[in-house]
Amino acid sequence: KATVKEIFKDSEKYLNNEIQIEGWIRTLRSSKKFGFIEVNDGTFFKNIQVVFDENLENFKEISKFPISSSIVVQGKLDPTPQAKQPFEIKATNVSIIGDSERDYPLQKKRHSFEYLRTIAHLRPRSNAFSAVFRVRSLAAYAVHKFFQERNFVYVHTPIITGSDAEGAGEMFRVTNLDLKNIPLDDDGKVDFSEDFFGKDTNLTVSGQLEAEAYALAFRNVYTFGPTFRAENSNTARHAAEFWMIEPEIAFADLNDNMDLAEDMMKYIINYVMENAKEEMKFFNSFVDKGLFDRLENVVNSEFERITYTEAIDILEKSKEKFQYPVKWGIDLQTEHERYITEKVFRKPVFVMDYPKDIKAFYMRLNDDGKTVAAMDLLVPGVGEIVGGSQREERLDILEKRMEELGMNKEEYWWYLELRKYGGTKHAGFGLGFERAIMYMTGMKNIRDVIPFPRTVGLAEF
Ligand code: 4AD
Ligand code: MG
């Protein structure tokens with residue numbers, strides 16, 4: 001017994017020997033006397049070719065096996081030095097395990113990604129999605145490897161929480177109250193006293209606040225888990241459920257934060273290029289022809305670092321016609337982000353020191369009183385991939401900011417206490433994992449890099 005991965009990795013060991021594989025039929029063609037089956041056993045991106053001929057007693061039946069049937073094959077691994085693949089299995093026995101119906105939706109022709117989204121339960125069997133989800137798995141492993149090698153502690157921050165980490169109100173509510181009969185108090189507000197948690201709770205939008213608590217105990221920590229946003233943005237880059245990587249580092253400032261983000265991006269890209277060679281070749285040939293050039297440029301170049309004010313200056317001076325007018329104080333739109341990273345610098349760009357009014361409450365106020373120590377990493381093809389900042393560690397300034405924003409300080413009592421008991425400067429960021437996968441594969445839609453996407457108006461899955 002062998003897996004296709006083992007055979008490709010160590011073909012010398014198996015050549016001219018009897019082997020057995022189990023897998024699914026990807027393609028099958030046959031003539032009167034012999035036929036070929038491309039088998040994929042799930043362990044490797046590539047298929048292995050099986051040859052069968054009329055000497056097999058069930059030759060006629062094999063010729064009619066439907067695509068996607070699961071089969072078991074016994075035979076000898078034959079060298080085929082002239083062919084595209086240097087070996088094939090000469091079958092001595094092919095039998096069916098699970099038959100497939102004739103209306104199997106993934107026939108040999110190429111399908112659009114839009115169509116494949118409607119069969120999200122079957123699409124991992126296609127080449128493109130086999131490659132995407134192998135890369136996704138390897139990239140997740142690379143993330144852990146990167147942080148663990150640097151002695152970061154992995155913290156499982158809660159999924160259900162009482163706080164809005166971004167203060168943006170884009171939360172999905174979690175309650176066991178009967179929605180058809182919501183209890184109201186005297187003021188007509190929802191009465192949470194009968195709720196399981198006894199208060200208004202939601203799915204987390206970010207693990208940052210809890211990660212900060214752990215950074216002030218372990219120095220360097222990271223979270224890597226699902227996060228949820230009820231943003232009503234029906235775009236190719238927004239999902240309601242996405243995975244985020246959030247390191248938080250103590251005794252560190254914005255520059256340390258950017259250094260970490262840059263090292264991490266390069267590490268993950270290198271790891272995937274090294275460990276998913278076949279998949280990456282596929283993306284470079286069929287999805288995005290410029291992919292390798294771009295990624296090589298990324299790992300070998302230093303990321304650009306500019307301030308928000310410089311970015312606005314560049315945009316104002318450019319001849320490009322933007323849909324959304326540019327002036328100091330605006331939130332950069334995707335068109336602006338892409339212009340800066342694709343047309344001006346042609347590599348990843350950190351934009352720092354944003355106006356405080358367009359950023360979250362916890363970001364550290366700069367000496368100018370107008371901007372905060374924020375940083376976004378913008379990359380060609382995607383736009384914002386990382387958002388982070390140095391955190392406001394000065395209790396009085398943080399409280400003042402929360403008051404200005406009308407936030408309820410009592411709800412953040414524990415967060416504020418972190419500033420009372422041995423606070424120190426600290427920083428962190430969030431990398432959107434799906435956006436990182438889009439960037440590394442050239443896939444253009446977030447729905448195509450997460451197995452079962454959750455987006456606005458989700459229906460079937
Ligand atoms: O910029 P964001 O909102 O930052 C935070 O959540 C911080 N608390 C992170 C931190 O400092 N620890 O989100 C971070 C990243 C974005 O740059 C983007 O890549 C991704 O998360 N992201 C989304 N990805 C997919 N769908 C969405 N709706 C996303 N919203 C944010
Ligand atoms: Mg952001």
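Buried, as used in these legends, means under 20% relative accessible area, with exposed meaning over 50% and partly exposed in between, using a 1.4 Å probe and protein chains only. This is a predicted model, in which local features need pLDDT of at least 70 and side-chain atom pairs count only at pLDDT 80 or more, while totals for chains, interfaces and linings use all residues. Residues are numbered from 1 along each chain as its sequence is written, chains are lettered from A and ligands numbered from 1 in the order in which they are written, and side-chain values use heavy atoms, with hydrogens and water left out.

**View 1. The protein chain as a setting for the close-ups, with 14 helices and 16 strands.** Helices (H or I, at least four residues) and strands (E, at least two) are DSSP runs, numbered from the N terminus. The C-alpha atoms fill a box of roughly 85 × 55 × 45 Å along the principal axes, and 52% of the 461 residues count as buried. UniProt, in an unreviewed entry, lists residues 133-451 as "domain: Aminoacyl-transfer RNA synthetases class-II family profile"; UniProt annotations may be inferred rather than shown by experiment, feature names are shortened, and positions are given in the numbering used here. Over residues 133-451 the chain is 36% helix and 20% strand, and the end C-alpha atoms lie 8 Å apart.

**View 2. An open sheet of 8 strands with mixed pairing.** Two strands pair if DSSP finds at least two bridges between them. The strand order is 6-10-11-16-15-14-13-12, with strand 6 (153-154) and strand 12 (304-307) at the edges, each pairing on one side only. Strand 14 (residues 371-379) and strand 15 run antiparallel and are joined by 6 bridges; Ala374 has Ser389, in strand 15, as its bridge partner.

**View 3. The shell of 24 residues around ligand 1.** A residue is near a molecule or strand if one of its heavy atoms lies within 4 Å of it, and those that come nearest to ligand 1 are Glu166, Gln208, Glu231, Glu246 and Glu384. The shell has 8 nonpolar, 8 polar and 8 charged residues, where Ala, Val, Leu, Ile, Met, Phe, Trp, Tyr, Cys and Pro count as nonpolar, Asp, Glu, Lys and Arg as charged, and the others, Gly among them, as polar.

**View 4. Polar contacts of ligand 1 with Arg229, Arg391 and Phe429.** A polar contact is a pair of N or O atoms within 3.5 Å; within protein, one must be able to donate a hydrogen and the other to accept it, and residues adjacent in sequence count only if both atoms are side-chain atoms. Polar side-chain atoms of Arg229 and Arg391 lie 2.8 Å and 2.9 Å, respectively, from an oxygen atom of ligand 1, whereas Phe429 places a backbone N or O atom 3.4 Å from a nitrogen atom of the ligand. The protein covers 93% of the 620 Å² of accessible area that ligand 1 has on its own, an area that comes from the Shrake-Rupley method with a 1.4 Å probe; for residues, only the protein chains shown count as cover. Strand 11 (241-250), strand 15 (383-390) and strand 16 (426-432) are the elements that give two or more residues to the shell, and strand 15 gives the most, with 5 residues.

**View 5. The buried residue Thr161.** Thr161 belongs to strand 7 (residues 160-161) and has a relative accessible area of 7%, so it counts as buried. Its side chain reaches the backbone nitrogen of Ser163 at 2.9 Å.
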